[in-house]
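Please look at the sequence and the 3D structure shown here, and keep both in view while reading the report that follows.

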Amino acid sequence: MSTATAVTAMDRQQVLTTLGRHWNPTAALMLAAASRQLESHARGTEVFAEDGSRALDFAGSYGVFLVGHQNDAVRTAVLDALDTAPALVPGTVHPATADLFGLLTEILPAGLTEFSLGCSGAEISEIALRAAYLAQPGRRKIVIVEGGYHGKTLGALTVLGQHEHRDDFTPAGEDLVVVPPGDARAVREALRGRDVAAVYVEPVLGGAYLRVPPADFLPEVARACRETGTLLVADEIQTGFGRTGKMFAVEHSGVEPDIMLLSKALTGGFVPVAVVAMTEEVLARARRSPQWYPGVLDGTAVSALSMAAAAATIREVRDRNLPERAETVGRALREGLERAVRRHPRHLVDAPGIGLMTGLRTRNPSVENLISMQMAARGIHLGHSLNEQMDQPVLRFYPPLTVSEADIERVLSALDESLTWLDRRPAWLMRRITWLLRRQYRLPPPLVLKLMHSDLEVNW
């Protein structure tokens, strides 16, 4: 179907029916209820629907599209690799792999010179966990931050700080220690017994929680780790490559972790890939373990496409100085969000953020949902938390680092209109919608579509 061809209601119905029957009935229901058009293609900071409409993308798939959709430089690198050797036989490497490793050693904090590859953040979280256990014989405890997100595969669940995803699958047990976000004292207390293998931490707590820790948090955690011989694992999957105004978020505090996790924005949204970066000391200690064997820290085989895309993305970020741009342009966005909080305290709590990793902490799920819907109606996509059980979820604003000042002005103007519209809604309606959101998956699907005035039907 060409991009100029509009999708009829029947076409949308067929697509959602297929999704509901063969993939994810809940997701199909949400898409049907929202009455969103099907996306056709994207370019730069815009996403285009099959009906010809366009929207500013301030969701960015939660940070994936760092250098804009269909970035020319990354696209050229991917096509070049596609023409030469998109897939490699086991035991061989592509020059793009060496290119990527060389670039990483130039931009990463000092000492992170040893790499393992994978295809997802969850996979490299598990690789890092294996490395920590191998390098720390006799230590089985892991410290994590409440609300942290490191993946949902069974191994990554061990270090998942979101209990609603973890409790039904992996008991916390005495080997998992959960500390409050930003609480360095709690981390130090957890390390007192010198039996912790590693501390997993996001330099900026992401997800629906979005919280910038106190300035002394990471330095204090790093100090406690050094004093107790504990490994520090910095998860930069969402914060890396300029999102926070520095190439990596740990640079704000000068911390040099033992292990760093990289993914998400690494290839500009073209091809999935993930990297574990660790120090030579960690790898050497892991190799001395009786459990060591060649390949124990290997992940899923990656393609030449992903290596080429990653190298090109890093060059785009570095050569265009996008981290500095994230700080400069992001300041205008953060200031605008803070003004919105002051003007609309009935609906908004605060505007957490750093660089272009920003959001609005809303009073309840209904506020987040309605702002998201109103902004979508005005042609702006935001990063909905998809967490209706939280009391105060954060609606995220994660545009590409190439976003223009004019785009930010347009978003802030639309936000003011959306919040003014919301001001006219009675308080009882907010409570009723929150009640409904938290029970929507238990309601009969046809009733959900009726309540949302959707013209589609649930036939899956």
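A salt bridge is counted when a side-chain nitrogen of Lys or Arg lies within 4 Å of a carboxyl oxygen of Asp or Glu. This is a predicted model, in which local features need pLDDT of at least 70 and side-chain atom pairs count only at pLDDT 80 or more, while totals for chains, interfaces and linings use all residues. Residues are numbered from 1 along each chain as its sequence is written, and side-chain values use heavy atoms, with hydrogens and water left out.

**Salt bridges**

Side chains of opposite charge can pair when their charged atoms come close. In the whole structure, a search finds 16 salt bridges, and three of the pairs are listed below.

| Pair | Closest N to O |
|---|---|
| D72 and R43 | 2.6 Å |
| R223 and E220 | 2.4 Å |
| R318 and D319 | 3.3 Å |

Helices (H or I, at least four residues) and strands (E, at least two) are DSSP runs, numbered from the N terminus. The salt bridge between D72 and R43 ties together parts that are 29 residues apart in sequence, because D72 lies in helix 4 (residues 72-84) and R43 in strand 1. The partners R223 and E220, by contrast, both lie in helix 9 (residues 217-228), three residues apart, which is about one turn of the helix.

For the surroundings of these side chains, buried means under 20% relative accessible area, exposed means over 50%, and partly exposed lies in between (1.4 Å probe, protein chains only). D72 is partly exposed at 47%, and R43 is also partly exposed, at 41%. R223 counts as partly exposed with 31%, as does E220 with 29%. R318 is partly exposed at 33%, whereas D319 is exposed at 55%. R318 and D319 are also linked with E106 in a network of salt bridges.

**The sheet**

Strands of a sheet pair through backbone hydrogen bonds, either parallel or antiparallel. Here, two strands are taken to pair if DSSP finds at least two bridges between them. An open sheet of four strands has the order 1-2-3-14, with mixed pairing. Its edge strands, strand 1 (39-43) and strand 14 (380-382), each pair on one side only. Strand 1 and strand 2 (residues 46-49) pair in the antiparallel sense over four bridges, and A49 in strand 2 is the bridge partner of E39. Helix 14 (residues 405-423) packs on the sheet and touches strand 3 (54-58) and strand 14, where contact means heavy atoms within 4.5 Å. The direction of helix 14 makes about 95° with that of strand 3; axes are lines fitted to C-alpha atoms, for helices over the stretch in contact, and angles run from 0 to 180 degrees between N-to-C directions.
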